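Ready for a few exercises on a protein model? Have a go at each task before you read its solution.

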Amino acid sequence: MEECITFAEAAGFIPQEEIKNLLQVSDVFVSASTNEGFSNSCLEAASTGLICIAREGTPGNSKIIVDGETGILYNSSKGINLGKSMRLIQNNFDLRESMKNESIRFIRSNYSPIIAANSYNALYTELLLKMNI
(Lines give C-alpha, C1' and ligand atoms only; values in the text may rest on other atoms or scores of the structure.)
Protein backbone atom coordinates (compact mmCIF):
# COMPACT_ATOMS: atom_id res chain seq x y z
CA MET A 1 0.00 0.00 0.00
CA GLU A 2 2.85 2.42 0.78
CA GLU A 3 4.23 2.00 -2.75
CA CYS A 4 0.89 3.01 -4.22
CA ILE A 5 0.58 6.07 -2.02
CA THR A 6 4.14 7.11 -2.82
CA PHE A 7 3.39 6.74 -6.54
CA ALA A 8 0.24 8.85 -6.23
CA GLU A 9 2.05 11.58 -4.34
CA ALA A 10 4.95 11.64 -6.78
CA ALA A 11 2.96 11.37 -10.02
CA GLY A 12 1.65 14.92 -10.08
CA PHE A 13 0.20 15.85 -13.46
CA ILE A 14 -0.53 12.84 -15.66
CA PRO A 15 -1.10 13.35 -19.40
CA GLN A 16 -4.55 12.25 -20.61
CA GLU A 17 -3.12 9.50 -22.86
CA GLU A 18 -1.49 7.84 -19.85
CA ILE A 19 -4.58 7.85 -17.64
CA LYS A 20 -6.27 4.93 -19.44
CA ASN A 21 -3.13 2.81 -19.03
CA LEU A 22 -2.91 3.63 -15.33
CA LEU A 23 -6.56 2.74 -14.79
CA GLN A 24 -6.06 -0.60 -16.55
CA VAL A 25 -3.21 -1.66 -14.25
CA SER A 26 -4.90 -0.45 -11.05
CA ASP A 27 -7.21 -2.26 -8.64
CA VAL A 28 -8.61 0.66 -6.68
CA PHE A 29 -9.33 4.32 -7.36
CA VAL A 30 -9.23 6.73 -4.42
CA SER A 31 -10.79 10.16 -4.49
CA ALA A 32 -10.01 12.09 -1.33
CA SER A 33 -11.55 15.29 -2.66
CA THR A 34 -13.66 17.28 -0.24
CA ASN A 35 -14.79 19.84 -2.76
CA GLU A 36 -15.92 18.24 -5.99
CA GLY A 37 -19.32 17.95 -7.64
CA PHE A 38 -20.09 15.01 -9.88
CA SER A 39 -16.70 13.30 -10.22
CA ASN A 40 -15.92 12.33 -13.80
CA SER A 41 -12.74 10.68 -12.55
CA CYS A 42 -14.74 8.34 -10.26
CA LEU A 43 -17.20 7.70 -13.07
CA GLU A 44 -14.41 6.79 -15.51
CA ALA A 45 -12.66 4.60 -12.95
CA ALA A 46 -15.86 2.77 -11.98
CA SER A 47 -16.71 2.17 -15.63
CA THR A 48 -13.46 0.21 -15.98
CA GLY A 49 -14.26 -1.94 -12.95
CA LEU A 50 -12.04 -0.16 -10.49
CA ILE A 51 -13.35 -0.07 -6.95
CA CYS A 52 -13.83 3.56 -6.01
CA ILE A 53 -13.15 4.71 -2.49
CA ALA A 54 -14.35 8.26 -1.98
CA ARG A 55 -15.33 10.62 0.78
CA GLU A 56 -18.94 10.46 1.94
CA GLY A 57 -20.65 13.83 1.87
CA THR A 58 -18.76 15.12 -1.16
CA PRO A 59 -21.50 16.07 -3.64
CA GLY A 60 -21.91 13.54 -6.43
CA ASN A 61 -20.01 10.62 -4.89
CA SER A 62 -23.19 8.92 -3.69
CA LYS A 63 -24.61 9.10 -7.23
CA ILE A 64 -21.66 7.08 -8.55
CA ILE A 65 -20.85 4.85 -5.57
CA VAL A 66 -23.38 2.62 -3.82
CA ASP A 67 -21.60 2.22 -0.50
CA GLY A 68 -20.58 -1.37 0.13
CA GLU A 69 -21.82 -2.55 -3.27
CA THR A 70 -19.97 -0.66 -6.01
CA GLY A 71 -17.34 0.98 -3.83
CA ILE A 72 -16.83 2.55 -0.44
CA LEU A 73 -17.84 5.95 0.86
CA TYR A 74 -15.64 6.68 3.86
CA ASN A 75 -16.41 9.13 6.63
CA SER A 76 -13.72 9.72 9.21
CA SER A 77 -16.20 11.24 11.66
CA LYS A 78 -18.01 7.87 11.72
CA GLY A 79 -14.74 5.99 12.27
CA ILE A 80 -14.57 4.77 8.67
CA ASN A 81 -11.40 6.38 7.39
CA LEU A 82 -9.53 6.03 4.13
CA GLY A 83 -6.96 3.59 5.54
CA LYS A 84 -9.62 1.25 6.96
CA SER A 85 -11.47 1.34 3.65
CA MET A 86 -8.33 0.46 1.71
CA ARG A 87 -7.49 -2.40 4.09
CA LEU A 88 -11.02 -3.77 3.79
CA ILE A 89 -10.64 -3.99 0.01
CA GLN A 90 -7.07 -5.30 0.23
CA ASN A 91 -8.01 -8.13 2.63
CA ASN A 92 -11.23 -9.37 1.00
CA PHE A 93 -10.93 -10.93 -2.46
CA ASP A 94 -14.64 -11.84 -2.71
CA LEU A 95 -15.68 -8.29 -1.83
CA ARG A 96 -13.25 -6.86 -4.41
CA GLU A 97 -14.62 -9.08 -7.18
CA SER A 98 -18.21 -8.40 -6.23
CA MET A 99 -17.69 -4.62 -6.14
CA LYS A 100 -15.78 -4.70 -9.42
CA ASN A 101 -18.58 -6.53 -11.24
CA GLU A 102 -21.34 -4.49 -9.62
CA SER A 103 -19.50 -1.25 -10.39
CA ILE A 104 -19.37 -2.03 -14.11
CA ARG A 105 -23.02 -3.09 -14.13
CA PHE A 106 -24.15 0.00 -12.20
CA ILE A 107 -22.32 2.46 -14.45
CA ARG A 108 -23.53 0.77 -17.64
CA SER A 109 -27.10 0.73 -16.31
CA ASN A 110 -27.13 4.34 -15.16
CA TYR A 111 -24.50 6.33 -17.07
CA SER A 112 -24.09 4.87 -20.56
CA PRO A 113 -23.86 7.35 -23.46
CA ILE A 114 -27.33 6.26 -24.64
CA ILE A 115 -28.83 6.89 -21.21
CA ALA A 116 -27.13 10.29 -21.05
CA ALA A 117 -28.40 11.22 -24.53
CA ASN A 118 -31.94 10.14 -23.63
CA SER A 119 -31.79 12.17 -20.42
CA TYR A 120 -30.67 15.28 -22.31
CA ASN A 121 -33.37 14.72 -24.93
CA ALA A 122 -36.03 14.47 -22.21
CA LEU A 123 -34.72 17.60 -20.50
CA TYR A 124 -34.64 19.63 -23.72
CA THR A 125 -38.11 18.39 -24.70
CA GLU A 126 -39.47 19.42 -21.30
CA LEU A 127 -37.85 22.85 -21.56
CA LEU A 128 -39.17 23.41 -25.06
CA LEU A 129 -42.68 22.44 -23.98
CA LYS A 130 -42.50 24.88 -21.05
CA MET A 131 -41.42 27.61 -23.46
CA ASN A 132 -44.23 26.70 -25.90
CA ILE A 133 -41.78 26.23 -28.76
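**Warm-up**

Let's start with one residue: at 36% relative accessibility, Phe38 counts as partly exposed, where buried means under 20% relative accessible area, exposed over 50% and partly exposed in between, using a 1.4 Å probe and protein chains only. Keep in mind that this is a predicted model, in which local features need pLDDT of at least 70 and side-chain atom pairs count only at pLDDT 80 or more, while totals for chains, interfaces and linings use all residues. Residues are numbered from 1 along each chain as its sequence is written, and side-chain values use heavy atoms, with hydrogens and water left out.

**Exercise 1. Work out which aromatic rings pair up, and how.**

Step 1: know the rule. A pair of aromatic rings is described by the distance of the centres and the angle of the planes. Rings of Phe, Tyr and Trp (its six-membered ring) pair if their centres lie within 6.5 Å; planes under 30 degrees apart count as stacked, over 60 as edge-to-face and the rest as tilted.

Step 2: search. The whole structure gives three aromatic pairs. In one of them, the ring centres of Phe38 and Tyr111 are 5.5 Å apart and the planes make an angle of 50°, so this pair is tilted.

Step 3: place that pair. Phe38 sits in the loop between E1 and H3, and Tyr111 in helix H6 (residues 93-111), so the pair ties together parts that are 73 residues apart in sequence. Helices (H or I, at least four residues) and strands (E, at least two) are DSSP runs, numbered from the N terminus. Like Phe38, Tyr111 is partly exposed, at 29% relative accessible area.

Step 4: look at another pair. The rings of Tyr120 and Tyr124 have their centres 6.1 Å apart and their planes at 25°, so they're stacked. Both are in helix H7 (residues 113-130), four residues apart, which is about one helical turn.

Step 5: collect the cluster. Phe38, Phe106 and Tyr111 form one aromatic cluster.

**Exercise 2. Describe strand E1 and trace the chain to its partner.**

Step 1: split the strand by face. In a regular strand the side chains alternate between the two faces of the sheet. In E1 (residues 28-31), Phe29 and Ser31 are on the covered face, while Val28 and Val30 are on the uncovered one.

Step 2: find the partner. E1 runs parallel to strand E2 (residues 51-55), and four bridges join them; two strands pair if DSSP finds at least two bridges between them. Opposite Phe29 you'll find Cys52 of E2.

Step 3: follow the chain. From E1 the chain passes through helix H3 (residues 40-47) to E2, a right-handed β-α-β crossover. Right-handed here says that, with the strands pointing away from the viewer, the path from the first strand over the helix to the second runs clockwise.

**Exercise 3. Which residues of H3 are buried, and what covers them?**

Step 1: list them. Cys42, Leu43, Ala45 and Ala46 are the buried residues of H3.

Step 2: look down the axis. These residues fall within an arc of 165°, so they line one face of H3; the arc is that of the directions from the helix axis to the C-beta atoms.

Step 3: find the cover. It includes helix H2 (16-24), E1, E2, H4 and H6.

Step 4: check the end of the helix. Ser47 lies in H3 and touches Ile104 and Ile107, not counting residues up to four places away in sequence (contact means heavy atoms within 4.5 Å). After H3 comes Gly49, with a positive phi near 95°.

**Exercise 4. Is Asn61 buried or exposed, and what does its side chain reach?**

Step 1: locate Asn61. It belongs to helix H4 (residues 61-64).

Step 2: check its accessibility. With a value of 2%, Asn61 counts as buried.

Step 3: follow the side chain. It reaches the backbone oxygen of Arg55 at 2.9 Å. That's a polar contact: a pair of N or O atoms within 3.5 Å where, within protein, one must be able to donate a hydrogen and the other to accept it, and residues adjacent in sequence count only if both atoms are side-chain atoms.

Step 4: list the neighbours. Leaving aside those within four places in sequence, Asn61 is in contact with Ser39, Cys42, Ala54, Arg55 and Leu73.
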